[in-house]
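This report describes selected loop residues, helices and backbone angles of one protein model. Please consult the sequence and the structure shown below while reading.

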Amino acid sequence: MARLTGARAAPSRRWGCAAAAFLLLLLTVQAAQRAELSGDATAATINHSLTLLQRLQELLQSGNGSDAVLQVRAAPAADAKVFHVHQLLLGLQSDVFEGLLRNQSVLTLHEPPESAALFDKFIRYLYCGGVSILLHQAIPMHQLATKYGVRALQRGVADYMRSHLASESSQGHVVGWYQYAARVGDRVLQESCLQFLAWNLSAVLASAEWASVSAELLLLLLERSDLVLHSELELYTAVEGWLGRQQPEAAVAERVLRAIRYPMIAPAQLFRLQAQSAALARHRAAVHDLLFQAFQFHAASPLHFAKYFDVNCSMFLPRNYLAPAWGAQWVINNPARDDRSTSFQTQLGPSSHDAGKRVTWNVLFSPRWLPVSLRPVYSDSVSGALQPARIEDGRPRLVITPATSSSDFAGVSFQKTVLVGVRQQGRLLLKHAYSFHQSSDEVPDFLAHADLQRRTSEYLIDNALHLHIIVKPVYHALIKAKK
């Protein structure tokens with residue numbers, strides 16, 4: 001591509017100055033109109049901004065009055081995509097382009113194939129301020145926005161990624177987005193991806209995406225106690241499959257296996273793993289102490305075990321298991337109608353010593369509970385009538401209490417977790433998790449921002465509220481271990 005001649009550059013500069021003046025004038029006029037018409041009841045705004053955007057898009061397509069050329073190559077030998085552009089519009093959106101085009105009018109840009117394929121969309125955003133993307137285009141579009149310093153587009157794509165974690169894709173995308181966020185240092189997106197993976201781990205374990213999990217990400221997930229899955233055995237089975245496919249170094253494999261919470265697996269299943277698991281056979285020496293400790297935990301009473309071992313560690317803390325021994329699902333149809341109640345039983349604890357002991361829990365749900373400060377009071381008026389409270393003043397309330405108390409509870413407190421499921425892009429996924437301890441029977445701020453009166457509320461599935469209540473026993477050492 002030849003450089004632009006001086007004969008073309010002169011009218012281009014005139015067009016650029018005129019365009020700049022026009023855009024500045026447009027913004028000034030809009031601000032003046034808002035100030036001038038704010039107090040006039042007959043005020044009206046005539047808005048042709050869409051026409052302006054259409055003209056700018058036509059300008060990009062035609063290249064009329066352009067004063068710069070971008071040549072975008074996906075590989076050294078590949079044919080270049082050529083864009084006739086206007087320095088003013090690129091400079092308004094990107095300080096990087098403003099600097100690159102300050103002393104030259106022809107730029108050759110080398111981009112990865114995925115980014116080069118989206119460059120026309122990227123340039124269109126610089127002209128019109130809008131772009132449509134698909135799941136697989138999010139990372140390359142974010143890379144372009146980052147490289148050329150288009151901060152608004154960076155934020156927009158990151159927001160798109162956070163809001164589309166639940167979208168369905170053939171190979172999965174959340175793991176890839178997490179790894180990209182870790183590379184570029186986007187901590188907010190990184191934590192959003194981690195939270196989604198933790199809360200929907202059972203679905204991830206059964207998907208093709210599980211094979212793409214890195215060792216670093218796997219270890220981060222295994223550290224967490226808020227993983228939502230059927231059981232620790234399900235997690236071990238998935239981890240063993242991951243080890244078989246990835247074949248990591250022995251040190252990594254041993255760290256992974258030591259992050260499994262073996263006391264949360266029943267003794268019969270532990271015996272089977274010892275006899276049949278190829279991963280345990282290969283790395284038995286690295287986890288022998290943990291397996292021995294797990295069998296000791298199941299053999300003794302938790303109170304006696306706590307005298308000699310530190311139970312205040314993650315190894316003895318259950319994750320959010322969906323198995324019936326840990327809680328129950330509760331589907332509340334038409335939840336805005338009236339108060340509801342239910343009850344369910346859980347195992348006292350994960351130790352086999354407590355296998356036959358059950359705790360009964362009573363649950364009360366109220367869709368419109370009013371705090372004391374908002375409850376009706378007698379009026380000072382002559383009638384002395386109660387001032388009715390508005391329905392919208394109430395908020396949903398969930399209270400979970402044990403039906404009885406027992407000496408078996410000694411050394412054990414209970415962490416209660418309430419999972420709220422939603423349907424996003426056709427998939428049933430976890431939207432919120434509320435956790436609280438035995439010292440409180442009520443879920444704090446439960447569905448504080450949910451509008452259960454509206455049948456189309458994002459918290460409802462076919463006008464029903466889908467909850468899963470989990471009760472996790474937490475052991476405490478009552479007597480210090482002997483030295």
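Leu 227 lies in the loop that links α12 (215-222) to β4 (228-229); helices (H or I, at least four residues) and strands (E, at least two) are DSSP runs, numbered from the N terminus. The model is predicted, so local features need pLDDT of at least 70 and side-chain atom pairs count only at pLDDT 80 or more, whereas totals for chains, interfaces and linings use all residues. Residues are numbered from 1 along each chain as its sequence is written, and side-chain values use heavy atoms, with hydrogens and water left out.

**The loop between α12 and β4**

With a relative accessible area of 0%, Leu 227 is buried; buried means under 20% relative accessible area, exposed over 50% and partly exposed in between (1.4 Å probe, protein chains only). Residues up to four places away in sequence aside, Leu 227 touches Ala 198, Leu 201, Leu 221, Leu 235, Arg 319 and Asn 320, where contact means heavy atoms within 4.5 Å. Leu 227 and Pro 318 are separated by 91 residues in sequence, and their C-alpha atoms are 9.5 Å apart in space.

Arg 224 belongs to the loop between α12 and β4. Its relative accessible area is 16%, and Arg 224 is therefore buried. Beyond its neighbours within four places in sequence, Arg 224 is in contact with Glu 191, Leu 194, Gln 195, Ala 198, Arg 261 and Arg 319.

**Helices α9 and α7**

In helix α9 (residues 174-184), the buried residues are Val 174, Val 175, Trp 177, Tyr 178, Tyr 180 and Ala 181. These residues pack against α7 (138-147), α8 (151-163), α10 (187-199) and α12. Gly 185, just after α9, has a positive phi of about 80°.

The axes of α7 and α9 come within 11 Å and cross at roughly 20°; axes are lines fitted to C-alpha atoms, for helices over the stretch in contact, and angles run from 0 to 180 degrees between N-to-C directions. Helix α7 is thus roughly parallel to α9, a term for angles under 35 degrees. The contact joins Ala 138, Ile 139, His 142, Gln 143 and Thr 146 of α7 to Gly 176, Trp 177 and Tyr 180 of α9. Its residues divide into four nonpolar, four polar and no charged; Ala, Val, Leu, Ile, Met, Phe, Trp, Tyr, Cys and Pro count as nonpolar, Asp, Glu, Lys and Arg as charged, and the others, Gly among them, as polar.

**Helix α15**

Pro 267, Leu 270 and Leu 273 are buried in helix α15 (residues 267-276). They lie on the same side of α15 because they cover an arc of only 115° around the axis, the arc being that of the directions from the helix axis to the C-beta atoms. Ala 268, Phe 271, Ala 275 and Gln 276 are exposed on the other side of α15. The cover over the buried residues of α15 includes α13 (232-246), α16 (278-282) and α17 (284-299).

**Positive phi outside glycine**

Most residues other than glycine have a negative phi. The table lists two residues with a positive value.

| Residue | Phi | Loop | Relative accessible area |
|---|---|---|---|
| Asn 334 | about 45° | between β6 (327-333) and β7 (340-347) | 31%, partly exposed |
| Leu 447 | near 50° | between β11 (427-436) and β12 (464-475) | 1%, buried |

Definitions and conventions:
Angles under 35 degrees count as roughly parallel, over 145 as roughly antiparallel, 65 to 115 as roughly perpendicular and the rest as oblique.
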